[in-house]
Amino acid sequence: MTSAMVQAQARLIDSQMSERFKPERATMNAASSKSATASIYLRISSDRSGERAGVTRQKEDCERRARERGWMIHAIHEDNDLSARSGKRRPGFEALLDDVESGAVSVVVAWALDRLQRNRRDELRLYEACQRAGVTLSLVNGADLDFSTAAGRFVADSLGSVARLEVEMKSDRQCRAQEQAAKQGRRSGGRRPFGYEADGVTVREREAEAVRAAYTAYLSGVPLARIAKDWNEAGLHSDQRRFAKGHEGEPSVWTGQTVGVVLRNPRNAGKRVYKGEVVADAVWPAIVAEETWAAAVGRMKGQSPAPRKLARRLLSGLARCGVCGAPAWGGGAARRGFGNYRCRDNYGHFARMSEPVDDYVSNVLLERLARPDAADLMRREETVDTAALHSEYAALRTRLDSVAIDFADGVIERSQLRTITTRIQSRLTEMDGELADAGRVNVLGPMLDADTVEAGWDALSLDHRRAVIDLLCNVTIHPPGRGVRTFRPESVGVEWKVA
Ligand SMILES: [Zn+2]
């Protein structure tokens, strides 16, 4: 049954009802009395701009109906922005039921039946209340339903079923339309994605730049919570706040969690997702390369979901105890000159001021990076050929499919199938890792791009500096030595990870 047919049927029932019951109503109905009071009920399924006008029109039509019939208006109830199928409570509807049940009104005026009802349960509640109280339901876009007669109840019920069918068909149509849009890589509404304009297709450059920088930072080891802080300080706003616990309805405040939601979104790599799966290349431009996005997602999977506490010291957790090898822990006041490091497992191994250690390690690092061959430190990362990896990946997937066909055709045995499949699968898994590596952005880039290495280092955040140290060297902290007042370089070991 098409929508047009449903509407035609609704009109038919409507007109038949009007013809048949008009004379009867004039004599039986409380609503015919000049002194009758009416409550008006208005509903719109969403309050997006433009549809507000719909409520105004409904209201005017309903008021005119009351005026023409000489009914006093008792109250006007309104429900807004609540979908007919969402199951949310409708305060206006409940107030309307109160009016009916308390005997305050003898008429309910609404624009159409589908504006009045939401689901079978509410529909029955209203009908039963109207029936008990002998209230007439007057529809501007329909007819009057007198619930004191069996005929009136029958017609009301038929109209209700038709309206509900229409709602359901509309929902089916929307589902199909959404699926189709997804497979074509198109967007089908929703809130504005961070990094894009409201159309979801045009890139909003300021935000896109922040997203790109966030991927770089995150992949260099900067915690999500730090990125969130930076975004908040930069005055960037998100429409993603509903994801943040305790922030619903408040001005958008980024948290590590909400930044994670943004970075995990495949749309940033130009991928269209439908029901949680990437189904197509999107029509909108990507903000970052697919490898970058995949690397970030891979990194998030490997990390505990609990937000990490931001480190306050350069070497906390990075440096090792020179006696037992346990990580060094940072402590003391955050102010410069009052921090310390100690062995996590045994206070007796070492406990010393952090500042001289930090300065020494930074200087060693800067000296190394200032040498002409500093670029060698990152050569390994740049040799990954992503294009080749992608084509090999595609070839292996095809091979996997064809092996299955060969088996089905009886060309190969089950044991051969298993051997080949296992081999291909393990290579694919390996390649997932390589592709993720390829996306790991060059941590040193910002430093080597600066005028001097020192200037680059100074411009880095604490987390980024920690990432650089983690990438390049192993730091070992030894006890400072009994009674030693001056800093001895040999009490801190710096070993290069890359020759
Ligand atoms: Zn130790």
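**View 1. Strands β10 and β11 sit side by side in this predicted model.** Strand β10, residues 339–343, pairs with β11 through three bridges, and the two run in the antiparallel sense. To see one of these pairings up close, find Tyr341: its bridge partner in β11 is Arg352. Now widen the view a little, and β9 joins in to give an open sheet of three strands in the order β9-β10-β11, with antiparallel pairing. Which strands stand at the edges? They are β9 (328–332) and β11 (351–353); each has a single partner strand, so one side of each has no neighbour in the sheet. Going from one strand to the next, the twist averages 30°. Helix α11, made of residues 354–370, lies across β10 and β11 and runs at about 70° to β11.

**View 2. Four side chains hold a zinc ion.** Which residues coordinate the zinc ion? Look for Cys321, Cys324 and Cys343, each offering its SG atom, and for His349, which uses ND1. The distances come to 2.1 to 2.3 Å. The site is tetrahedral, with angles of 103 to 113° among the four donor atoms. If you trace the donors along the chain, they follow the spacing C-x2-C-x18-C-x5-H. Cys343 and His349 are both buried. Cys343 also ties this view to the previous one, since β10 covers residues 339–343.

**View 3. Strands β8, β12 and β13 make another open sheet.** The order here is β8-β12-β13, and the pairing is mixed. β8 and β13 are the edge strands: each has a single partner strand, so one side of each is left without a neighbour in the sheet. Helix α11 packs on this sheet too, touching β12 and β13, and its direction makes about 30° with that of β13. What does "mixed" look like in practice? β8 (residues 320–321) runs parallel to β12, and two bridges join them. β13 (residues 492–496) runs antiparallel to β12, and this pair is joined by five bridges. Two pairings are handy to look for: Arg320 stands opposite Thr476 in β12, and Ile477 has Val492 as its bridge partner in β13.

**View 4. Strand β12 has two faces.** Follow the side chains along residues 473–477 and you'll see them alternate. Cys473, Val475 and Ile477 point to one face and are buried. Asn474 and Thr476 point to the other face and are not buried. Helix α17, residues 462–472, lies across β12 and β13, running at about 95° to β12.

**View 5. Two cysteines, Cys473 and Cys175, have different surroundings.** Is Cys473 buried or exposed? It counts as buried because its relative accessible area is 4%, under the 20% cut-off. Cys175, at 43%, is partly exposed. A disulfide is a covalent bond between the sulfur atoms of two cysteines. How many disulfides does a search of the whole structure find? The count is zero.

**View 6. Met431 is tucked inside, on helix α14.** The helix spans residues 414–439. Met431 has 0% relative accessibility, so it counts as buried. What does Met431 touch, leaving aside its neighbours within four places in sequence? Its contacts are Leu389, Glu392, Tyr393 and Leu396. His390 is another residue to find here: it is 41 residues from Met431 along the chain, yet their C-alpha atoms are separated by 9.0 Å.

**View 7. Asn268 is a buried residue in a loop.** The loop in question joins α9 (256–264) and β6 (271–274). At 1% relative accessibility, Asn268 counts as buried. Its contacts, not counting residues up to four places away in sequence, include Phe194, Tyr196, Val211 and Tyr215. Val262, Leu263, Ala286, Ile287 and Val288 touch Asn268 as well.

**View 8. Helix α8 is followed by a glycine.** In α8, which covers residues 224–233, the buried residues include Leu224, Arg226, Ile227, Ala228 and Trp231. After the helix comes Gly235, with a positive phi near 75°.

**View 9. Stepping back to the whole chain.** The secondary structure adds up to 17 helices and 13 strands. Of the 499 residues, 40% are buried. Among contacts between residues at least 6 apart in sequence, 64% join residues at least 24 apart.

Key: Residues numbered from 1 in each chain as written. Predicted model: local features only at pLDDT ≥ 70, side-chain atom pairs only at ≥ 80, totals over all residues. Heavy atoms only, no water. Helix = DSSP H or I, 4+ residues; strand = E, 2+ residues; numbered from the N terminus. Buried < 20%, exposed > 50% of the residue type's maximum accessible area, 1.4 Å probe, protein only. Contact = heavy atoms within 4.5 Å. Donors = N, O, S within 2.8 Å, 3.2 Å for Na, K, Ca; no water. Tetrahedral: all angles 85-135°; square planar, octahedral: opposite > 155°, others 65-115°. Disulfide = S-S within 2.5 Å. Pairing = 2+ DSSP bridges. Axes fitted to C-alpha atoms, helices over the stretch in contact; angles between N-to-C directions.
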